[in-house]
Amino acid sequence: MSEARIAVFGAGYAGLVTGACFAELGHTVAVRDIVPAKISVLNAGDMPIFEPGLEELIERNRERLRFTLDAAEALEGAQFVFICVDTPPTYAGDADLSRVWTVIEELPATSDRMILVMKSTVPVGTGETVRANLDARGMDATGYVSNPEFLAEGTAVRDFLEPDRIVVGAFDESDAEAVEQLHAGVDAPIVRTDVASAEMVKLASNAFLGTRISFINEIANVCELVGADVNDVARGMGLDSRIGTRYLKPGIGFGGSCFPKDISFLKLLAGNSGYHFQLLNSVIEVNELQKRRVIGKLQKHLGSLRGSCIALLGLAFKAHTDDLREAPSIVLASRLLAEGADVRAWDPVADASQVLKGVSVVSSIDEAVAGADAAVIVTEWDELRMLASPETLAAMRRPLIIDGRNLLDPDEVRAAGFAYEGIGRPTSPLDMLPETPERDLPATARDE
Ligand code: UGA
């Protein structure tokens with residue numbers, strides 16, 4: 001297809017990346033959001049989110065990109081309407097589609113040809129319901145396509161422009177063809193299917209990746225008991241081309257706005273359809289327990305945590321994003337506070353001051369570790385690779401590093417004078433704190 005006019009509803013991660021990338025492919029794009037602050041920031045040339053490469057992309061394509069609060073303005077002349085609004089979980093754990101429906105209701109009942117494209121993650125069956133709604137409003141000329149996004153935060157621009165695949169599920173072949181053509185210039189296999197299958201590809205992909213992570217986390221936990229090293233195990237497994245090396249990094253559990261939510265969506269979708277998805281229950285439970293295992297590791301070295309000072313290093317749910325949604329750091333911080341610890345928290349980009357209540361959020365690693373009884377690596381930020389320095393050693397009250405991401409080399413850290421524990425890496429009974437300076441402990445901890 002030659003250049004198309006596209007309206008994108010929702011200026012979050014998915015919407016902004018989708019809009020900017022379609023502009024990069026030569027299309028004219030209007031991105032609409034209902035939050036005035038977001039639109040004014042974008043129109044002022046700034047970014048409402050932190051996503052590597054996005055700012056440059058938007059800058060480069062300014063003449064083909066508009067940001068507006070006005071739905072009618074965004075829809076004017078649009079041949080495609082992409083829905084990129086969020087679908088947060090309800091209290092019951094299934095998808096809250098209210099924002100999706102608001103967009104659909106805003107569409108004018110036009111007889112002009114237009115294609116509605118669903119990027120938001122929705123339960124299987126949503127497309128059918130939307131189709132029925134459009135038909136009931138006499139909008140037979142409006143096509144409907146499910147085109148799920150597979151963008152990971154931090155690499156979203158590359159994931160859009162160099163994807164592993166593009167999934168296009170449609171009721172009508174010509175709609176599928178038109179959406180496929182929009183991606184001209186992107187070199188990737190296209191999976192053409194029906195709407196329900198496209199919706200399921202998205203949920204099943206995220207659930208499978210989460211399953212891999214929970215699997216390797218359980219292998220890591222067993223490795224700790226039997227003296228094996230999970231990093232070597234994961235590499236040895238992953239080089240089998242039937243398994244693959246990606247999404248086999250053990251850690252402190254997966255977070256973010258997608259995996260936890262989408263796994264729960266799929267579990268409930270199955271349940272509501274009459275199938276008990278046993279495996280996903282375990283994936284979720286293992287993930288919850290994994291976030292809490294750090295507490296046990298701290299207690300092993302420090303005893304009671306009451307009165308101790310713990311530095312949480314990295315707060316975002318993963319590196320290269322400022323996103324704190326479902327971040328393991330939030331669970332960890334609240335568990336530590338409940339154990340009576342003082343918590344100091346640092347992240348290079350995520351602003352946790354409103355999210356982590358009762359925690360002292362500091363602006364440098366040095367501030368976080370000064371006088372701390374333990375430093376916990378929560379997010380794999382590069383800034384933390386040099387953590388085991390003589391300066392840190394001198395600054396901490398007790399030299400204990402719990403490496404929730406296996407970011408550091410255990411031998412180097414131990415040689416630098418720290419007690420070290422990673423995830424699924426061998427420890428020895430001798431690998432305890434070199435000394436416990438009783439006199440330096442606060443009264444509450446000494447009394448335990
Ligand atoms: C995820 C998917 O990777 C995207 O394909 C998808 O489009 C997106 O969800 C979505 O549904 O919108 P994202 O949540 O940005 O993307 O993050 P990931 O990089 O996949 O990481 C998710 C979590 O798993 C993070 O907490 C990360 O630290 C953890 N993880 C990842 C591991 O613990 N181990 C690994 O090996 C990989």
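Here is a short chat about a predicted model of a protein.

Student: How many helices and strands does the protein have?
Tutor: Remember that we're looking at a predicted model. Counting along the chain, the protein comes out at 17 helices and 14 strands.

Student: Is the protein as compact as a globular protein of that length, or less compact?
Tutor: For 448 residues, the globule rule gives 22 Å. The radius of gyration here is 24 Å, which is close to that, so the protein is as compact as a globular protein of that length.

Student: What share of the contacts with a separation of 6 or more comes from residues 24 or more positions apart?
Tutor: Here we take contacts with a separation of 6 or more and pick out the ones between residues 24 or more positions apart. In this protein their share is 71%.

Student: And what percentage of the residues count as buried?
Tutor: A residue is called buried when its relative accessible area is under 20%. Out of 448 residues, the share that passes is 52%.

Student: Is helix 11 largely enclosed or largely open?
Tutor: Helix 11 covers residues 259–272. Its buried residues include F259, I263, F265 and L266. In total 10 of its 14 residues are buried, so helix 11 is largely enclosed by the rest of the structure.

Student: Which helices are included in what covers the buried residues of helix 11?
Tutor: We want elements in contact with those buried residues, such as L269 and A270. Among the covering elements are helix 9 and helix 12.

Student: How far apart are the end C-alpha atoms of helix 11?
Tutor: Use 1.5 Å a residue: the 14 residues should span 20 Å. The model agrees with that, because the end C-alpha atoms are 20 Å apart.

Student: Which residue with a positive phi follows helix 13?
Tutor: Helix 13 runs over residues 328–338, and its buried residues include V331, L332 and L336. Cover for the buried ones includes helix 12, strand 9 and strand 10. After the helix comes a residue with phi near 90 degrees, and that's G340.

Student: What about helix 11, which residue with a positive phi follows that one?
Tutor: Look just past helix 11 for a phi near 100 degrees. The residue there is G274.

Student: Is L225 buried or exposed?
Tutor: L225 sits in helix 9, residues 195–226. Together with V222 and V226, L225 makes a nonpolar surface patch of about 340 Å². The cut-off for exposed is over 50%. L225 has a relative accessible area of 75%, so L225 is exposed.

Note on methods
Residues numbered from 1 in each chain as written. Predicted model: local features only at pLDDT ≥ 70, side-chain atom pairs only at ≥ 80, totals over all residues. Heavy atoms only, no water. Patch = residues over 30% accessible without salt bridge, like charges linked within 9 Å, V, L, I, M, F, W, Y side chains within 5 Å. Areas by Shrake-Rupley, 256 points an atom, 1.4 Å probe, with all protein chains shown as cover. Salt bridge = Lys/Arg side-chain N within 4 Å of Asp/Glu carboxyl O. Helix = DSSP H or I, 4+ residues; strand = E, 2+ residues; numbered from the N terminus. Buried < 20%, exposed > 50% of the residue type's maximum accessible area, 1.4 Å probe, protein only. Rg over C-alpha atoms; globule rule 2.2 N^0.38 Å. Contact = heavy atoms within 4.5 Å. Expected span 1.5 Å × (residues − 1).
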